[in-house]
Amino acid sequence: MDGDRPIIRVKDLRKSFGSVEVLRGITIDVSPGSVLSIIGASGSGKSTFLRCLNYLERPTSGDIFVDGEAIGPSIAPNGQRKSGASPRDIARIRSKLGMVFQQFNLWPHMTVLGNVIEALIQVKHMRRREAVEIGQQFLAKVNLLNKKDEYPAKLSGGQQQRVAIARALAMQPKVMLFDEATSSLDPELTGEVLEVMRDLAREGMTMLVVTHEMGFARDASDRIIFLHDGKVEEDGTAAQVFSAPASERCQRFISSALS
Amino acid sequence: MIENFNRFVLANTGTLLDGLWVTAYVCFWAFLLAIVLGLIACLIRMRLPYARVVAIGYIEFCRATPILVQLLWVNYVWPEVFGFPQTVTGAGVIALALQSSGYLAETFRSGFEGLPKGQREAALAVGMSRWRIVSRIEAPQVGLVVAPLVVNQLAVVVKSSTLVSIIAIPDLMYQGLKIVNQWYEPIEVLTTIALTYFALLFAISRIANYAYVYFQTKFGIASSR
Amino acid sequence: MFVALQNVFDPALFWEYRAVLLTGLLQNIIIFAESAVLAIFLAFIVGIASLSRHGPVRWTAVAYAEFFRNTPEYVLLVWVYFVLPLIIGTALGTKANLSPHVAAVIGLGVAYSGFLSETVRAGLRSVSYGQTESALSLGMSGFTALRRIVLPQAVRRMLPEAVNQLVSLFKSTTIVSLIAVQDIMYQVSMISVAEMRPVPLYTGAALLYCIVIIVATQLFQRLTERWRRRGWA
């Protein structure tokens, strides 16, 4: 379970939007089975970082390796273009990563079950019957099997997000990426989603979680990184970061977030 | 081809410009008349309970009948039944105006109905007379909101005006087709005419766009677009 | 007074010539259908292209839409009928001829593809990008995401405006009579020349179109309302 080889390696990742540099050189290795929480103020680059991992954002320079494969292409700091993954490779690598979005992004014209099995059919080319079986399995896992024939619009926010998680899990990814998964939810609904996430963590899924939920970060993660202004300012275990952070900014962020 | 261009287009610039002038003339009056008729129909529909049905019938008729049909109908039927129009130009102007007045009536209506009631109430509270309210508070705001759609109808009028050549109004299209029928060398003439209309309509849409953006930023009024 | 009315509106006359008029109307419907198919086909290509990442593709699409939205249909029709055969002929080295019917379909189809491409574009843009992102993040290709996720949603949103455009297209089919396609207006003109009674015929034609269009519009409005209630559009 402990990594021989890190399942995600990031080397000097930089990302600029036009003239604005959002990520200023992030280097990090993630071992399989670990839960990494990413915290920081808005604009610190947390979501951008996550979205670079599955290439929804194109890095300006730097290397990203997912399960040993480079997801790219990218540009080295000296401007040289490095060959990397082709679009088909990118799609394939993406299917090894599951992402859960802040806005859920369920597809409204398909039922709950339809949402969950769509990728199984289109990407893994499964037969419908098989896909339905697997889909129902994962819906049951998030306790929403009884809603499988409903349309997303009829579900509460918490339910929709759980379906989104099931949809990502159905592809049986190696890593799950959570991009502020509870930030759009009413407070009373965050609990059900966080519970699913805690269960996943306990089962040994590798998770990268961008979150404002300090409770989850402290209790469920193996490791926390604090991003500020596109750089990793603090990196340690939950205990370390919460009780004795080296960075004063991190200290201030956590205390204001917890209050 | 250049030679042909000189022979048929440049040599006939005078006639073509005459045609363009007629087009402009017809479109201008038709557009004006359309606005007037549209406003009247809109106000009747909104304010007069008994004449409402008539207004609605008028609006639906104008919107549902193709322009060609309206053109022929006004040109051949109206003189017999109503006694006017006595000229083809008059028929052209009326038909084009009819077509657009239907859409404009609906545009004005949505403009008026979209106006927040608070505007009127605030003005009443300050003690403004009814007329003043309409002219200084309601109309300008409605005007800004509907302006893009109204200018769009000008474009529609210009496009539909190409058909008035059918009833022998000597517009740009008429002159162009006359040259083509005379010499049977359609390429240069027709292409030039197409590009002229395009330039005209493109200019109208660009001006409308700039005006819209200008008024948006100046007054910050949300528009129906 | 009744006699005077007959001068204006004479259903009997219509009935007498019903065969010829209906054949004419059929022509309108056929041309409408064919040019609608062409227009929709072109509209999707141009609409999707207008959202492309590649600059030149985008600009061509935008230019196409701008050009055909700002050129009168009649002008395009005449151009296609007279000029296109000559151009094709010179290119192929032979003398080419375009039947009025084909010219009409091409002319109208191309003219309305400009407007419809804007409708397509607006429909596609109205689908939030997150929909595509979630599909991509699961490993779907861009094309699959477009086909299975974006288009189904976009098409439902395009429908009301597209229907408006198609109603306009149907109304525009009347102008094909001007390049000698034997549609209903052509027949009406012929009959009025033969009968020397243009008044009731043109009034009748106006009323007929009016009824047809109003009925069709009402129908489509009911349909779109039903779709909207079912949560589609």
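**Note on the chain A sheet and the chain contacts**

1. Chain A contains an open sheet of four strands, arranged in the order E2-E1-E4-E5 and paired in antiparallel fashion; the reader should keep in mind that this description, like the rest of the note, rests on a predicted model.

2. At the borders of this sheet in chain A lie strand E2, covering residues 20-30, and strand E5, covering residues 69-70, and each of these edge strands pairs on one side only.

3. As for how E5(A) is held in the sheet, two bridges join E5(A) to strand E4 of chain A, residues 61-66, and the two strands run antiparallel. Within this part of the sheet, A:Phe65 stands opposite A:Ala70, which belongs to E5(A).

4. Turning to the chains as a group, there are two pairs of chains that touch, and of these the pair formed by chains B and C has the most contacts. Chains A and B, by contrast, do not touch, and their nearest C-alpha atoms are 26 Å apart.

5. Where chain C meets chain A, the contact draws on 16 residues from chain C and 19 residues from chain A. On the side of chain C that touches chain A, helix H7 (129-137) and helix H8 (142-172) of chain C each contribute at least two residues, and H7(C) provides the largest share of that side, namely six residues.

6. The make-up of this same side of chain C deserves a separate remark: the residues of chain C that touch chain A comprise nine polar, five nonpolar and two charged ones.

Methods:
Residues numbered from 1 in each chain as written. Chains lettered and ligands numbered in written order. Predicted model: local features only at pLDDT ≥ 70, side-chain atom pairs only at ≥ 80, totals over all residues. Contact = placed C-beta atoms within 7 Å. Nonpolar A, V, L, I, M, F, W, Y, C, P; charged D, E, K, R; others polar. Pairing = 2+ DSSP bridges.
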